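This report describes selected local features and helix contacts of the structure shown below. It proceeds from loop residues to helix pairs and then to a strand residue.

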Amino acid sequence: MVSTASKLQFTLLWLLAAMVAAVAIGALCVPVQEYFAPLWLFPCLQGLALGAALTAALRTFHMGNRRVAVIGAVAAVAVMFYAQFFLSYRVYADQIERKTPREAALLDASPLRKPSSLMEYLSLQTRRGRPLVGGFVVHDGWVWATWALDAALAAIAAVAVVWIAFGRPFCDRCGRWYRAVGEGRLSPAGAAEVRRLAGSQNEQSATAVEYQLWTCPTADHESVLDLSSISHDRPGKSHANQAERMRFESQTLTQVREILRKNSIPRS
Ligand SMILES: [Zn+2]
């Protein structure tokens with residue numbers, strides 16, 4: 001059984017990694033957005049990149065608490081935007097500092113003088129306005145609203161990626177993520193057989209299912225089998241949905257593997 005102390009330690013390590021990734025991605029976005037920053041799409045991409053980094057950290061530090069992961073992802077998005085805005089401010093301030101005294105004197109009298117703080121820089125940006133589609137420029141409070149929308153889009157993208165990462169089972173006994181050890185398509189008879197073995201009450205229709213087998217890195221811990229039905233939305237296209245999860249004791253694993261081996265059918 002994994003101790004509370006080591007769980008806490010892994011959680012803190014994950015949070016630390018999440019914040020480092022957030023600062024790094026935020027900083028990287030400053031030069032990138034000079035060349036490539038499609039409206040609304042860019043924050044989504046930022047969120048996806050952050051979500052991928054957070055998922056890698058979840059696996060590395062064996063952090064399996066979904067609630068902490070979601071809250072951490074939202075916090076990481078806030079840190080990412082702060083880092084991005086702060087670095088943009090520093091770059092802008094440095095550019096002005098490099099101007100000749102004459103240019104600087106002219107600037108001093110204009111509204112473009114060097115901002116002395118991040119807030120001053122941001123309010124300068126809102127006064128200048130933010131161009132949206134078709135030459136339409138928003139100003140002042142509307143700029144803040146578009147920034148808030150950017151942050152919301154990034155947060156949705158990051159949380160979605162982290163949420164999907166929790167599709168992989170996590171073992172609470174040893175505090176480790178499961179490993180995928182097999183996947184394929186199972187005949188209706190095979191599906192019925194594993195359901196019987198698991199003592200599942202689910203008497204689903206006699207159709208083929210997609211399966212994914214997971215085992216805990218600790219050999220004598222439970223295995224997990226996910227079954228999902230195959231829906232044919234369009235001819236020739238199928239996707240798996242409606243997951244059904246069953247757990248097996250380690251002694252039963254050989255039996256489960258045998259059923260899967262005998263009843264696997266090719267994906268058409
Ligand atoms: Zn385990």
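In this predicted model, H62 counts as buried because 20 C-beta neighbours lie inside 10 Å, and the threshold for that class is 20 or more. H62 is located in the loop between α2 and α3. Its phi is near 50°, a positive value in a residue other than glycine. Most residues other than glycine have a negative phi.

W40 also has a positive phi, near 65°, and is likewise a residue other than glycine. W40 belongs to the loop between α1 and α2. Its environment places it in the exposed class, because 12 other C-beta atoms lie within 10 Å and the exposed class covers 12 or fewer.

**Helix pairs**

Two packed helices are described by the angle between their axes and the distance between the axes. The table gives these values for three pairs.

| Helix pair | Angle between axes | Distance between axes |
|---|---|---|
| α1 (residues 4–35) and α2 (residues 41–60) | about 150° | 10 Å |
| α2 and α3 (residues 66–97) | about 130° | 11 Å |
| α7 (residues 188–197) and α8 | about 170° | 9 Å |

The angle between α1 and α2 is about 150°, and the two helices are therefore roughly antiparallel to each other. Their crossing is right-handed. On the α1 side, the contact is formed by W14, A17, A18, A21, A22, I25, C29 and Q33, which meet F42, Q46, A49, L50, A53, L54, A57 and L58 of α2. By class, the residues of this contact comprise 14 nonpolar, two polar and no charged.

For α2 and α3, the angle of about 130° makes the pair oblique, because it falls neither over 145 degrees nor within 65 to 115 degrees. The crossing of α2 and α3 is right-handed. Here Q46, G47, L50, G51, L54 and L58 of α2 meet A69, A73, A76, V77 and M80 of α3. This contact of α2 with α3 has eight nonpolar, three polar and no charged residues. Among the α2 residues, Q46, L50, L54 and L58 appear in the contact with α1 and also in the contact with α3.

The third pair, α7 and α8, is roughly antiparallel, therefore, at its angle of about 170°. A189, G190, E193, V194 and L197 of α7 make the contact with Q255, V256, I259, L260 and N263 of α8. The residues of the contact of α7 with α8 divide into six nonpolar, three polar and one charged.

**The faces of helix α8**

Which residues of α8 are buried? In this helix, spanning residues 253–263, they are V256, I259 and N263. Viewed down the axis of α8, the buried residues fall within an arc of 60°, so they line one face of the helix. T254, E258, R261 and K262 lie on the other side of α8 and are exposed. V256, I259 and N263, the buried residues, also take part in the contact with α7.

**L186 in strand β5**

L186 is part of strand β5, which covers residues 179–186. L186 is buried because 23 C-beta neighbours lie inside 10 Å. Leaving aside neighbours within four places in sequence, L186 contacts A191, A208, V209, Y211, L260, N263 and S264. One of these partners, Y211, is 25 residues away along the chain, yet the C-alpha atoms of L186 and Y211 are separated by 6.6 Å. Two other partners, L260 and N263, are among the α8 residues that make the contact with α7.

Note on methods. Residues are numbered from 1 along each chain as its sequence is written. This is a predicted model: local features need pLDDT of at least 70, side-chain atom pairs count only at pLDDT 80 or more; totals for chains, interfaces and linings use all residues. Helices (H or I, at least four residues) and strands (E, at least two) are DSSP runs, numbered from the N terminus. Two residues are in contact if their C-beta atoms, placed from the backbone, lie within 7 Å. The arc is that of the directions from the helix axis to the C-beta atoms. Axes are lines fitted to C-alpha atoms, for helices over the stretch in contact, and angles run from 0 to 180 degrees between N-to-C directions. Angles under 35 degrees count as roughly parallel, over 145 as roughly antiparallel, 65 to 115 as roughly perpendicular and the rest as oblique. A crossing is left-handed if the near helix is turned anticlockwise from the far one by less than a right angle, and right-handed if clockwise. Ala, Val, Leu, Ile, Met, Phe, Trp, Tyr, Cys and Pro count as nonpolar, Asp, Glu, Lys and Arg as charged, and the others, Gly among them, as polar.
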